[in-house]
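Student: Can we go through this one together? I'd like to start with how the chains meet.
Tutor: Sure, go ahead.

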There are 2 protein chains.
Amino acid sequence: MREAQTVFVEDLVIGQTYERSFTASDAVIRAFADVSEDHNPIHTDEAFAATTPFRGRIAHGALLGAWISATIADGLPGRGSIYVSQSLMFKRAVKLDDTVTIGLTVTAIDTKTAHVTLSTVAKVRNKLYADGVAEVIAPKRPA
Amino acid sequence: MREAQTVFVEDLVIGQTYERSFTASDAVIRAFADVSEDHNPIHTDEAFAATTPFRGRIAHGALLGAWISATIADGLPGRGSIYVSQSLMFKRAVKLDDTVTIGLTVTAIDTKTAHVTLSTVAKVRNKLYADGVAEVIAPKRPA
């Protein structure tokens, strides 16, 4: 298991980035179908998915939301962050076995309230697949 | 497994609603931690979680996004929908074993482009836990 980190709000700077990669393997897609109860065969049945405009199995869009959340929660600001909001625009469908890199960039910091705004992007082979904005409350440095 | 439905864009009406309930069981939370790779102990370790302001284990916020997605994908507009965007504001943390009802309401329909806007809410014991807006492309009735 990967080590989590915490960046206290006092140590965050505008433009700070963090990234982490995930793979949309068969096991991950099937587990996400089970846990979300979204059993659309476009995600799990290659024969069906081949007949759709996507021409093959795709990951659930919401899986990108789960990975963005994990990247925030373990990486930036990391352990102790409280999720306030997330927006996400889907641009392209993630295919089976694609590796997705989630990139976070700090775009605003309110040191009084510890509210931090992050741009959140998902890329595959350096192409934009989804983007959005997250707002979190970052942990404060213990007094 | 629950039966999926499709509501074609021609049959959608403003104000149309759909809801579906999910439970944040221990098995679901652990599976979501694995699939998202978010192993924050606030979700999985009761002894640790009891020491936090939440005073016990909570579900990942992104799990609500997964359930909203599933409710759209299988219910309204249902099978064949294409996810364009989702926003989500988190209001309260879902606790272990809470049952969450996802409610969708159609708020706008563009019949030319088949773009449909939905209000998306997550409630526990009839209290608002998260809300947001989804945009999807609904399937068109076959000619």
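Student: How many residues of chain A are in contact with chain B?
Tutor: 31 residues of chain A touch 31 residues of chain B. Contact means heavy atoms within 4.5 Å. Before we go on: this is a predicted model, where local features need pLDDT of at least 70, side-chain atom pairs count only at pLDDT 80 or more, and totals for chains, interfaces and linings use all residues. Residues are numbered from 1 along each chain as its sequence is written, chains are lettered from A and ligands numbered from 1 in the order written, and side-chain values use heavy atoms, with hydrogens and water left out.

Student: What area do chain A and chain B bury between them?
Tutor: About 2,700 Å², with 61% of it on carbon and sulfur atoms. Buried area is the accessible area (1.4 Å probe) that two parts lose on being put together, summed over both.

Student: Which residues of chain A lose the most area?
Tutor: A:V35, A:E37 and A:F90. Together they make up 20% of what that side buries.

Student: How many salt bridges cross the interface?
Tutor: The rule finds 2 between chain A and chain B. It asks for a side-chain nitrogen of Lys or Arg within 4 Å of a carboxyl oxygen of Asp or Glu. One of them joins B:E37 to A:R20, with the closest N and O atoms 3.6 Å apart.

Student: Which elements of chain A touch chain B?
Tutor: β1, α1 (26-36), α4 and β2 of chain A each give two or more residues to that side. α4(A) gives the most, with 9 residues. Helices (H or I, at least four residues) and strands (E, at least two) are DSSP runs, numbered from the N terminus.

Student: New topic. How are the two copies related?
Tutor: A rotation of 180 degrees, with 0.0 Å of shift along its axis, superposes chain A on chain B at an RMSD of 0.0 Å. The copies are therefore related as by a two-fold rotation axis. The fit is by least squares on C-alpha atoms of residues with pLDDT of at least 70 in both.

Student: Which residue of chain A comes closest to the axis?
Tutor: A:S87, at 2.0 Å, taken at its C-alpha.

Student: Back to basics. What is in chain A?
Tutor: 4 helices and 5 strands. From the N terminus, the order is β-α-α-α-α-β-β-β-β.

Student: What order do the strands take in the sheet?
Tutor: It is an open sheet of 10 strands: β1(A)-β3(A)-β4(A)-β5(A)-β2(A)-β2(B)-β5(B)-β4(B)-β3(B)-β1(B). The pairing is antiparallel. Two strands pair if DSSP finds at least two bridges between them.

Student: Which strands are at the edges?
Tutor: β1 (17-23) of chain A and β1 (17-23) of chain B. Each pairs on one side only.

Student: What lies across the strands of chain A?
Tutor: Helix α4 (residues 61-74) of chain A lies across β1, β2, β3, β4 and β5 of that chain. The helix runs at about 140 degrees to β2(A). Axes are lines fitted to C-alpha atoms, for helices over the stretch in contact, and angles run from 0 to 180 degrees between N-to-C directions.

Student: Last one. Where is the cis peptide bond in chain A?
Tutor: Between A:L76 and A:P77, with omega about -5 degrees. A:P77 sits in the loop between α4 and β2 of chain A. In chain B, a cis peptide bond joins B:L76 and B:P77.
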